[in-house]
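These exercises ask you to read a protein model step by step, and each task is followed by a worked solution. Please look at the sequence and the structure before you start.

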Amino acid sequence: MKKKILIMGIETSCDETAVSIIQDNGKKPPKILANVISSQEEVHKKYGGVVPELAARNHLEKIDTVTKKALKKSKVNLWDLDAISATAGPGLIVCLSVGFNFAKALAIGLNKPLIAVNHLEGHALSPMFENELDYPYLLLLISGGHTQFLIVNDLDNYKRIGTTIDDALGEAFDKTAKLLGFGFPGGPKIEEFSRKGNPKRFILPKPIINKGGCNLSFAGLKTAVLRSKNLIKTFKDKCDLAASFQETVLEIIYKKTKLAMKEFRQNTKGKTFVVAGGVAANMEIRKIIKKLCEEENFKLYFPKTELCGDNAAMIAITGLKKFKKKKFNKLDFSVNPRWALDEKAIFLKGSGVKL
Ligand code: KG4
Ligand code: ZN
């Protein structure tokens, strides 16, 4: 029997050291044999955000043991791997370098192909562990560093139709949670405390809701939370503000996604919508998008909740797809902390942006 393709994925772009081994499964989705994640949450907690130098040092300390664990769990012999794939961007340069150089060393030592993976492409393909998706599809990518609407035409072929002009959605969740004293990372905490709050209590702004096409903005929302802070006296008040923040986010996402769907329809015949990235774990966001997809007749796919946040299985599946197309990289390939999925899209951040 022909040996099935085995791919290792390595992810160190931010604060998770992760290694996964997956096996091709023909026409069916690939199998995850191991998906080991070592989170640095404890390291960065007291700073309220990720400290790049500490993160890089932690990756260096953990990468060997995480890789050994993945090999042991998958029962795969290192020499049986067909390729080594690793995140080469976007992310923190000092962190990317740890994982990508480790991947280079393995590729040289094993004499196997090296595959550079875009972290965002990993998120984009993450639902394909359950269903193979037909291109093109519309993607809402919502993570700690990125918030974008993209038309996914094919592997490595993306058209950005909307982006945040300031904070990413996950960043807005994290900053709001920090202001409310909920700790880090804030997204899951806001979701949890919102359940106890009144979402209609505070009226918060919805920046650029009626202009800027599918582009989004969240910085004003966070500032409004800061201003409302003096009204917060009790725990219930905090929960009300968290719930009002989340409710406002839902309204923004609903309106902008509807616009993105319209634009997608004008450009393609696709009917598939994918939501991926850490924030896609939020149940309220899932609910509102499900409702919208029913109204607009889109077929909706999410990654499994455990594959929403950063992981190496999503890097390995992208590696596998690239392997099948022989998209290998030379050993002098460098990490790129600003590697965009749509390199033609214009930079839309900061003051003076015209919408
Ligand atoms: O994709 P991810 O793990 O890392 C990046 O590539 O950025 O996303 C992390 C982000 C964080 O901002 C975190 O607060 C947010 O995802 N997040 C959530 C939830 N779970 C994670 N935001 C809202 N609700 C959640 N349940
Ligand atoms: Zn991510």
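**Exercise 1.** Find which helix gives the most to the lining of the second largest pocket, and then describe that lining.

*Solution.* Step 1: the helix to name is α10, which contributes four residues to the lining of the second largest pocket, and no other element gives more. Keep in mind throughout that this is a predicted model.

Step 2: α10 covers residues 313-324, and together with β3 (28-39) it belongs to the elements that each supply at least two residues of this lining.

Step 3: the pocket itself has a volume of about 250 Å³, and of the 15 residues that line it, D24, G26, E132, K321 and K324 are the closest to its centre.

Step 4: sorted by class, the lining holds eight charged residues, six nonpolar residues and one polar residue.

Step 5: domain 1 (5-127 + 307-324) and domain 2 (133-303) each provide at least three residues of the lining.

**Exercise 2.** Work out where ligand 1 lies relative to the two domains, and which polar atoms of the protein approach it.

*Solution.* Step 1: the shell around ligand 1 takes residues from both domain 1 (5-127 + 307-324) and domain 2 (133-303), and therefore the ligand lies between them.

Step 2: there are 18 residues around ligand 1, and those that come nearest are G144, D174, E191, G278 and D310.

Step 3: for E191, a polar side-chain atom is 2.7 Å from a nitrogen atom of the ligand, while for G278 a polar backbone atom is 3.0 Å from a ligand oxygen atom. In the side chain of N282, an N or O atom lies 3.1 Å from a nitrogen atom of ligand 1.

Step 4: taken alone, ligand 1 exposes 550 Å², of which the protein buries 85%.

Step 5: the elements giving two or more residues to the shell are α4 (119-125), α5 (169-179) and α6 (186-194), and by class the shell has eleven polar, four nonpolar and three charged residues.

**Exercise 3.** State where the cis peptide bond between G89 and P90 and the one from Y135 to P136 are placed, and then examine the phi of D156.

*Solution.* Step 1: recall that most peptide bonds are trans and that most residues other than glycine have a negative phi.

Step 2: the bond joining G89 and P90 is cis, with omega about -15 degrees, and P90 sits in the loop between β4 (83-89) and α3 (93-110).

Step 3: the bond from Y135 to P136 is also cis, with omega near -5 degrees, and P136 lies in the loop between α4 and β6 (137-142).

Step 4: D156, a residue other than glycine, has a positive phi near 60 degrees, and its place is in the loop between β7 (147-154) and β8 (157-163).

Notes: Residues are numbered from 1 along each chain as its sequence is written. Chains are lettered from A and ligands numbered from 1 in the order in which they are written. This is a predicted model: local features need pLDDT of at least 70, side-chain atom pairs count only at pLDDT 80 or more; totals for chains, interfaces and linings use all residues. Side-chain values use heavy atoms; hydrogens and water are left out. A residue is near a molecule or strand if one of its heavy atoms lies within 4 Å of it. A polar contact is a pair of N or O atoms within 3.5 Å; within protein, one must be able to donate a hydrogen and the other to accept it, and residues adjacent in sequence count only if both atoms are side-chain atoms. Accessible areas come from the Shrake-Rupley method with a 1.4 Å probe; for residues, only the protein chains shown count as cover. Ala, Val, Leu, Ile, Met, Phe, Trp, Tyr, Cys and Pro count as nonpolar, Asp, Glu, Lys and Arg as charged, and the others, Gly among them, as polar. Domain bounds come from an automatic or database domain assignment. On a 1 Å grid over the protein atoms alone, a cavity is a set of points where a 1.4 Å probe fits but cannot get out, and a pocket is an open set with protein on both sides within 12 Å along at least five of seven lines; lining residues have an atom within 4 Å of a point. Grid points are joined across faces, edges and corners, and a volume is the space filled by probe spheres set on the points.
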